[in-house]
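Subject: Structure for you to look at

Hello,

Here is the structure I said I would pass on. Please open it first, then read the notes below.

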Amino acid sequence: MKPPGWRAVPHRALVPGTPVRVTLKQDQGTDVTQEGIVAERLTRGDHPRGVKVRLEDGRVGRVVCVVKP
């Protein structure tokens, strides 16, 4: 189940400093998402469930969408 507003985000669009909305591991299967800034991209390429990233505060999740500043 994908959260509302989910859009496939290409991995090359996710550079450090990009504001994103992610689903954390414990929240998968729910509509709960968190906002943060990308610190590091953990997935090497595009992924059907979303690219996995580490946020600046250390949380890890799959990108749901890019947040417009």
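A salt bridge is counted when a side-chain nitrogen of Lys or Arg lies within 4 Å of a carboxyl oxygen of Asp or Glu. Keep that cut-off in mind for D27, and note that the model is predicted.

D27 sits in the loop that links strand 1 (19–24) to strand 2 (34–41). Is D27 part of a salt bridge, or without one? D27 has no salt bridge, although it is buried. The nearest side chain of opposite charge belongs to R59, at 7.5 Å. Because a salt bridge needs the two groups within 4 Å, R59 does not make one with D27. Beyond its neighbours within four places in sequence, D27 contacts V32 and Q34.

Now the strands. Four of them close into a barrel, in the order 1-2-3-4, with antiparallel pairing. On average, neighbouring strands in this sheet are turned by 70° against each other, direction ignored. Strands of a sheet pair through backbone hydrogen bonds. Strand 3 and strand 4 (residues 60–66) are antiparallel and joined by three bridges. In strand 4, G61 is the residue opposite V53.

Last, the core. The largest nonpolar core is made of ten residues: V9, L14, V20, V22, L24, V38, V51, V53, L55 and V63. Strand 1 and strand 3 (52–55) are the elements that supply two or more of them. Strand 1 gives the largest share, three residues. V9, one of the ten, touches L14, D46, V51, V63, V64, C65 and V66, leaving out residues up to four places away in sequence.

Regards

Terms used:
Residues numbered from 1 in each chain as written. Predicted model: local features only at pLDDT ≥ 70, side-chain atom pairs only at ≥ 80, totals over all residues. Heavy atoms only, no water. Helix = DSSP H or I, 4+ residues; strand = E, 2+ residues; numbered from the N terminus. Buried < 20%, exposed > 50% of the residue type's maximum accessible area, 1.4 Å probe, protein only. Lys, Arg positive; Asp, Glu negative; His and termini not counted. Contact = heavy atoms within 4.5 Å. Core = buried A, V, L, I, M, F, W, Y, C linked by side-chain atoms within 4.5 Å. Pairing = 2+ DSSP bridges. Axes fitted to C-alpha atoms, helices over the stretch in contact; angles between N-to-C directions.
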